[in-house]
Amino acid sequence: MKLSKAYWQTYKEVPTDAEVPSHQLLLRAGFINKTTGGIYTYLPMGVRVLQKIKSIIREELNSIDAQELLMSFVTPAELWQSSGRWDSMGPEMVRLKDRKDADFCLSATNEETITDVFKNTVSSYKQLPVNLYQINTKFRDEIRPRFGILRGREFIMKDAYTFHLDKECMDEMYDKYYQAYSKIYKRMGLEFIAVEADGGNMADAGAKTHEFQIIADTGEDDIVTAKEINYAANIETAATLRNSLEFAPSQKLQEIETKNLPTCDEVAKLLGIPLYQTLKTLVYTVYYPKKDGSLKEAHYLLMLLGDDSLNEVKLTNYFSGAVKVTPATEETLKSLDLPKGYMSPLNKEAMSVVLDKAIDINAGYIAGANKEGYHIKGFTPARDIKQFKQVDIRMTQLSDFAPDGKTPIKMRKGIEAGQIFQLGDKYSKSMGATVLDHKGKKVHPLMGCYGIGVSRTLAAAVEQHHDENGMIWPAAIAPFDLYFAVIGKKAETKILADKIYHELRAEGVDVLHDDRGLGPGGMFKDADLLGLPVRLTLGERDFEASGELELKIRSTGETLKVKKDDLSKTLKNIFAKLGKTF
């Protein structure tokens, strides 16, 4: 394409509301335009990247026999009501009514729609497995949309769904999607890690699921890795172990005055002991559904080592049958006679107690005395608590070991760009989708769900690949392959440039020809901001003197001179190293 005919404009100023590099650069480089908070228009440059991302996704999914369909963006309430998610999805799902006062919503996800499609079209095990996907717009009314298209309200997503007769088939398909996703991100030229993750409200607690995290310093997710043993997990689910700790021995209970010292840190400093030799106590209220539709509440005392913090995702997964898990209110603490900052399970036999697994139940700790201004020394869980459960509910620390107990972990930042789930029969059962098995018996098929944030992947690529001058697109998803700058005003130069432009295009090189007549300073700034893999410069004086053009590789800054007759061969070699062939 010739830039003189392109709908494209760059901007010098960084938008005041743009906090992360991708948001700043995509706006400045004319890839997106803000419509309103969390909603953007994709301009031609942005669309070209989206098309290349979608093309790679389609090729890899088609290779595992997935078939593309397109589901409606607006879906009726009865589908969501049949799965039980009409209310549980919360305010993120935009609801609306039509002129007949019927309830609808803007699709935030499509498990209900695809299950309804399956229910109406498949009746026998002989038609299984079913493997379908779409690339479509989704809408989630984020309470705080930010970071441009990384966390917008309207976004483009690839979502796939599979149906299976048995778990063996579901596992086999899950592995195929895992491999397909790995190939997708490798082909895009992105550094990523597949991590064990939490299914959230998409799947039942404990369901098999992995996130595909694109590594970036600005990522919102903390990733726990131990490369030596191929371990990687989102910090929300990481099952790491504490480093060796020297606990105090069990001893007779002794009351200690700790007036105005309600925290473990303050008490540990007073006594001159390591913080992990204290126990912090938290109280959580858990709401369970009753048959009549009302909720039953139960209160739990939680205990962790003093220098640990609670992982609420792990806790929520432990209470898998609950509707809601939340910290107890101050009114609740008063009603249970638990003084904030000084509480523990001591003499609270009626309450359910959950201890974190890092606690040595036979050691002696400092804990609350259930008396304002006092703690107790020598608290020994195995002796001083009649009944308790011991569960992993702590948040991983950088000093932890991997699950093998001996490999140190590392922490990295990532952007979740894709996730795969095993849904089981959660939706097929609730929505009454069945097939006849080999014996003619009706069974609920097992489902898998596989998502990729297409627009988020675009932004994540910029977060991973940029510098102070602009974006640095991986060759596979760059809007164009090559930026062709021409310096000179002679008619002969323009004729030569046009010839080179058409020759390169004929060989399959996607060329962006800057024929606007700008000076080299303006062109080179735009070229760096745009971030195409290679910049080709035809300098009138240099070419007349030596017959050479200049090539610059955006990712490395390397420059080299090349004769016109060697241009095609040299470019093929460069792009082969960048992961693209013509």
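**Exercise 1. Overall description**

What percentage of the 582 residues in the protein chain do buried residues make up? State also the secondary structure content, the extent of the chain and the share of long-separation contacts.

Solution. The model is a predicted one. Buried residues account for 50% of the 582 residues. The protein chain has 16 helices and 32 strands. Along the principal axes, its C-alpha atoms fill a box of roughly 95 × 65 × 45 Å. Take next the contacts in the protein chain with a separation of 6 or more: 70% of them join residues 24 or more positions apart.

**Exercise 2. A hairpin**

Describe how β1 and β2 pair, and what lies between them.

Solution. Begin with the limits: β1 covers residues 32-36 and β2 residues 39-42. The two strands run antiparallel and are joined over four bridges. Within this pairing, Lys34 has Tyr40 of β2 as its bridge partner. Two residues separate the strands, giving a hairpin. In the turn, Gly38 has a positive phi of about 80°.

**Exercise 3. Two open sheets**

Give the strand order, the edges and the twist of the sheet of three strands, then do likewise for the sheet of five strands.

Solution. Step one is the open sheet of three strands, with the order β4-β6-β5 and antiparallel pairing. Its edge strands, each pairing on one side only, are β4 (74-76) and β5 (95-97). From one strand to the next the twist averages 40°. β4 and β6 (residues 103-106) are connected over three bridges in the antiparallel sense, and Pro76 has Phe104 in β6 as its bridge partner.

Step two is the open sheet of five strands, ordered β17-β15-β16-β18-β21 with mixed pairing. Here the edges are β17 (324-327) and β21 (389-391), each paired on one side only. The twist averages 30° from one strand to the next. The edge strand β21 pairs with β18 (residues 352-356) in the parallel sense, over three bridges. Leu355 stands opposite Gln390 in β21.

**Exercise 4. Cysteines**

How many disulfides does the model contain? Examine Cys105 and Cys169.

Solution. A disulfide is a covalent bond between the sulfur atoms of two cysteines. The cut-off needed here is a sulfur pair within 2.5 Å. The count comes to zero disulfides. Cys105 is in none, with its nearest cysteine sulfur, that of Cys449, 16 Å away. Cys105 counts as buried because its relative accessibility is 0%. For Cys169, the closest cysteine sulfur is likewise in Cys449; a bond is ruled out because the distance is 16 Å, which is too far.

**Exercise 5. Aromatic rings**

How many aromatic pairs are there? Classify the pair formed by Tyr185 and Phe192, and place these residues in their cluster.

Solution. The count comes to 14 aromatic pairs. A pair of aromatic rings is described by the distance of the centres and the angle of the planes. For Tyr185 and Phe192 the centres are 5.7 Å apart and the planes 40°. Planes under 30 degrees apart would count as stacked and those over 60 as edge-to-face, so this pair is tilted. Both residues, Tyr185 and Phe192, are buried. They belong to one aromatic cluster, formed by Tyr177, Tyr178, Tyr181, Tyr185, Phe192, Phe212 and Tyr450.

**Exercise 6. Charges over rings**

Over which ring does the charged end of Arg48 sit, and over which that of Arg535?

Solution. Arg48 has its charged end over the ring of Phe480, at 3.8 Å from the ring centre. For Arg535 the ring is that of Phe524, and the charged end is 3.7 Å from its centre.

Conventions. Residues are numbered from 1 along each chain as its sequence is written. This is a predicted model: local features need pLDDT of at least 70, side-chain atom pairs count only at pLDDT 80 or more; totals for chains, interfaces and linings use all residues. Side-chain values use heavy atoms; hydrogens and water are left out. Two strands pair if DSSP finds at least two bridges between them. Axes are lines fitted to C-alpha atoms, for helices over the stretch in contact, and angles run from 0 to 180 degrees between N-to-C directions. Buried means under 20% relative accessible area, exposed over 50%, partly exposed in between (1.4 Å probe, protein chains only). Rings of Phe, Tyr and Trp (its six-membered ring) pair if their centres lie within 6.5 Å; planes under 30 degrees apart count as stacked, over 60 as edge-to-face and the rest as tilted. A charge sits over a ring if NZ of Lys or CZ of Arg is within 6 Å of the ring centre and within 35 degrees of the ring normal. Contact means heavy atoms within 4.5 Å.
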